[in-house]
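Visitor: Please choose a single part of this model and take me through it closely, with the cut-off behind each term stated as you go. I would rather have one connected account than a list.

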Amino acid sequence: MADLAEIVASNTVDVPDFPKPGILFKDLTPLFANGPVFREVVDGIAAHYGAGSFDVVAGIEARGFLIAAGIAYATGVGVVPVRKAGKLPRATHRGSYELEYGEATLEVHQDAFRPGERVLVVDDVLATGGTAATTLELVERAGGTVVGFTVLLELSFLPGRERLAPREVHALLTV
Ligand code: AMP
């Protein structure tokens, strides 16, 4: 079986001082651009959760969209975008938070989920956990039940996982 941690590691480029000094940016665009690798990663996440364990996938703008759409297609469920402020056209729930580099607001449509719908939430990188914590709260405010949060890469020197506890975090690679 493929070592997904190794696959993520070898298809990630570290970019120092982006988008500002002191941040080591994990660039996953090489992973997304490689067809067999992208498929292996998406299938690996789907297999981790197992068929029928979620009803819909929510992806966090913007790189989370790529992964979420792949998992949704692979498992035959729908995909919901959690977007940056001002992008969604209808009534939304919104939440603001501090980012590793700046501040952000996320939104989800108020009617994005059926009541109790089981939602797998997906992003590319877990850093401080602010993005994920806000998203999980938005999903639940919109009526969804979060059944998992998954990332390709987790930065263990930041307190993302602790911040989300007791929720379980699934990461293909922890650095
Ligand atoms: P955070 O809210 O601090 O956990 O930040 C996670 C969000 O910011 C994710 O959507 C990531 O795409 C992005 N992000 C934060 N830090 C990095 C990093 N060092 N490299 C790549 N993306 C990052």
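Guide: What follows begins with a pair of helices and then turns to individual residues in loops, strands and helices.

The model is predicted, so local features are described only where pLDDT is at least 70 and side-chain atom pairs only at pLDDT 80 or more, whereas totals for chains, interfaces and linings use all residues. Residues are numbered from 1 along each chain as its sequence is written, and side-chain values use heavy atoms, with hydrogens and water left out.

The part to look at is the place where helix α3, residues 35-49, meets helix α4, residues 63-75, their axes coming within 9 Å and crossing at roughly 65 degrees. Here the axes are lines fitted to C-alpha atoms over the stretch in contact, with angles running from 0 to 180 degrees between N-to-C directions, and the elements are DSSP runs numbered from the N terminus, helices being H or I of at least four residues and strands E of at least two. The crossing angle makes α3 roughly perpendicular to α4, on a scale where under 35 degrees is roughly parallel, over 145 roughly antiparallel, 65 to 115 roughly perpendicular and the rest oblique. In handedness, α3 passes α4 in a right-handed crossing, that is, with the near helix turned clockwise from the far one by less than a right angle, anticlockwise being left-handed. On the α3 side, the contact (heavy atoms within 4.5 Å) is made by F38, V42, D43, I45 and A46, and these meet L66, I67, G70, I71, A74 and T75 of α4. Sorted by type, the residues of this contact comprise 8 nonpolar, 2 polar and 1 charged, where Ala, Val, Leu, Ile, Met, Phe, Trp, Tyr, Cys and Pro count as nonpolar, Asp, Glu, Lys and Arg as charged, and the others, Gly among them, as polar.

The loop between α3 and β3, which holds F54, leads on from here. F54 is buried, at a relative accessible area of 5%, where buried means under 20%, exposed over 50% and partly exposed in between, with a 1.4 Å probe and protein chains only. Setting aside residues up to four places away in sequence, F54 touches Y49, I71, T75, V77, R118, L120 and V147; I71 and T75 also belong to the α4 side of the helix contact. Further along the chain, V121 is 67 residues from F54, yet the C-alpha atoms of the two are separated by 9.9 Å.

D55 also has its place in the loop between α3 and β3, but with a relative accessible area of 26% D55 is partly exposed. Leaving out neighbours within four places in sequence, D55 is in contact with V77, G78, E117 and R118, and the side chain of D55 reaches the backbone nitrogen of R118 at 2.7 Å. From D55 to H109 there are 54 residues in sequence and 17 Å in space, C-alpha to C-alpha.

Strand β3, residues 56-60, is followed by the loop between β3 and α4, where E61 is found. E61 counts as buried at 15% relative accessibility, and the side chain of E61 makes a polar contact of 3.0 Å with the side chain of R83, a polar contact being a pair of N or O atoms within 3.5 Å in which, within protein, one can donate a hydrogen and the other accept it, with residues adjacent in sequence counted only if both atoms are side-chain atoms. Beyond four places in sequence, E61 touches V82, R83, K84 and K87.

Those four residues also appear among the contacts of E107, which include V82, R83, K84 and K87. E107 lies in strand β6, residues 102-109, and is buried, with a relative accessible area of 5%. A polar atom of the E107 side chain lies 2.7 Å from the backbone nitrogen of G86, while a polar contact of 2.5 Å joins the side chains of E107 and T92.

A few backbone details complete the account. The loop between β1 (13-16) and β2 (24-27) holds P19, which is joined to F18 by a cis peptide bond with omega about 0 degrees. D17, in the loop between β1 and β2, has a phi near 60 degrees, a positive value in a residue other than glycine. The peptide bond from A165 to P166 is also cis, with omega near 10 degrees, and P166 sits in the loop between α6 (160-164) and β9 (169-174).
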